[in-house]
Amino acid sequence: MGIIKKLASQTAIYGISSIFGRFLNYLLVPLYTYYFSAAEYGVVSEFYAYAGFFSVLLLFGFETGYFRFRDKESPGRDTAYSTALIFVVLVNLGFFLLIRWINAPLSAALHYADHPEYVLWFATILTLDAMTAIPFARLRAENKALRFAGIKMAEIMITILLSLFFIVYCPKALGQSPGSWVSRVYDPAIGVGYIFIANLLASIFKFLLLIPQFRGLTWGFDRQLFGRMLRYSLPMVVIGFAGIINEMLDRALLKYLLPYDDVTNLKMLGIYSACYKLSILMSLFIQAFRYAAEPFFFAYAGNSDARKVYADVLKFFVIFCVFIFLMVALFIDFFKYFIGEEFRAGLEVVPILLLANLCLGIYVNLSIWYKLTDRTVMGAFVSLAGAALTIVLNIWLIPTMGYIGSAWATLACYGAMVIVSYVLGRKYYPVAYDLKRVVGYTSLGIALYLAHEQLPLDAGRPAWLSAGGLMLVYLLSVALFERRKIVVKPA
């Protein structure tokens, strides 16, 4: 249980930047959805969907490759770091120059000929974020979680402050005093573009904070090591790209597959994306867990009790994720105020997306079978199969079911990937996962949510009262079944 607590503490520290920090960023969602229309927010959602795909392509999987090769006896972790860093920096500089060259025709193809600056701003953001990924990976590998969290928090706080400045303060100040200094830094015509500008300036600030980490560029480039890292990492690109398809493709397709005009399609995209944000507590926990778990899984693999520990990790991971599912789904009447009234028409997708993210988290845990056995190619095929299912289901369901079809497609994809990964893991890296508890806690959470949908209507009680009671039922159930693991015996 001690190693589980250590992993939990690392996850908590990373959570300062990913869960707590991004929760602060999450508070910008009310700002965006109260100050901008659904169609305008749809523009932002579309660009961030594209950004997800490029964030994978521009890293070439070298973040995971660095973790895999940094502890090899030859040539050493410093060379592994510099080799990965030099490659990623060169790739991204080339990407940025390419986008600058084709900016005009690319913007026209995306129907943003009037705003080519959007494309250029996002290219700059993507370039800076990709080039800082390897330095961040080194901080994680060296267990410098506090420095990692501090830089991430600084980036988030800059984004929040600049968003408030451009979206709230500047319009009000300009209205009160049109000739003030604000008129020199603020142009009302940019509108929703200030969301991009705030992100860009925060990325620049983050890059400046990480400049000391770039001294690794002088440590040299090992061609043989690069070849080994590339062979290991390229399947991770396929896996990551397939993962982004599963996570982001719906928001990229809605604009083109919904059977309405462009403005209405962007409005539907904005509604779906805003409601998707209500499931972000689950995805942020998964992200924080992944930051801590990935290096942990590799480092602990040689221990005799590794597989037992991995099984316990999955069980407690599911317990906490079901808690998040119930917290958001049962108290949706509170969480709905985080988005503007126009966006609340899509609240029915939130429980579906929460369950989809739960399945994604389980898949992250199960994925150790191909990472620890160097079967990344097989892992890539699992992800590709999930991506193919996502594409087919979205193309099939969006025209008839709208964004609700996208939510069901996401759940179906991650659920299928969990099943396939579990079956393959049993063959190549067997772990005695406690399926009864994992499935049992998930089923209990779903049953309690469905009961909540009926109790307020049948009993005439406030929704929050039944929600609190049902949440208590879940917590007491966990305490009952896990008391031997939870209760710490005195020394």
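This section describes three helix pairs and one internal cavity in a predicted model. Local features were considered at pLDDT of at least 70 and side-chain atom pairs at pLDDT 80 or more, whereas totals for chains, interfaces and linings use all residues. Residues are numbered from 1 along each chain as its sequence is written, and side-chain values use heavy atoms, with hydrogens and water left out.

Helices are DSSP runs (H or I, at least four residues) numbered from the N terminus. Helix α16 (residues 350-366) packs against helix α19 (residues 403-428) at an angle of about 25°, with their axes 8 Å apart; axes are lines fitted to C-alpha atoms over the stretch in contact, and angles run from 0 to 180 degrees between N-to-C directions. The two helices α16 and α19 are therefore roughly parallel (angles under 35 degrees; over 145 is roughly antiparallel, 65 to 115 roughly perpendicular and the rest oblique). Their crossing is left-handed, meaning that the near helix is turned anticlockwise from the far one by less than a right angle. In contact (heavy atoms within 4.5 Å) are, among others, L353, A356, L360 and Y363 of α16 and W408, L411, Y414 and V418 of α19. The residues of this contact comprise 16 nonpolar, three polar and no charged (Ala, Val, Leu, Ile, Met, Phe, Trp, Tyr, Cys and Pro count as nonpolar, Asp, Glu, Lys and Arg as charged, and the others, Gly among them, as polar).

Helix α16 also packs against α13, at an angle of about 0° and with the axes 10 Å apart, which makes α13 roughly parallel to α16. This contact involves M282, S283, I286, F289, R290 and F297 of α13, together with residues of α16 including L354, L358 and V364. Eight nonpolar, four polar and one charged residue take part.

Helix α3 (residues 38-57) and helix α10 (residues 193-209) pack at about 40°, with their axes 9 Å apart, and are therefore oblique to each other. V44, F47 and Y48 of α3 meet I195, F196 and N199 of α10.

Three cavities of 30 Å³ or more were counted. A cavity is a set of points on a 1 Å grid over the protein atoms alone where a 1.4 Å probe fits but cannot get out. The second largest has a volume of about 90 Å³, taken as the space filled by probe spheres set on the points. Its lining (residues with an atom within 4 Å of a point) includes R290, E294, F297, V364 and K371. Helix α13 (280-300) and α17 (368-372) each give two or more residues, and α13 gives the most, with five. The lining divides into six nonpolar, one polar and three charged residues.

Definitions and conventions
1 Å grid on protein atoms, 1.4 Å probe; cavity = no way out; pocket = protein on both sides within 12 Å on 5 of 7 lines; lining within 4 Å.
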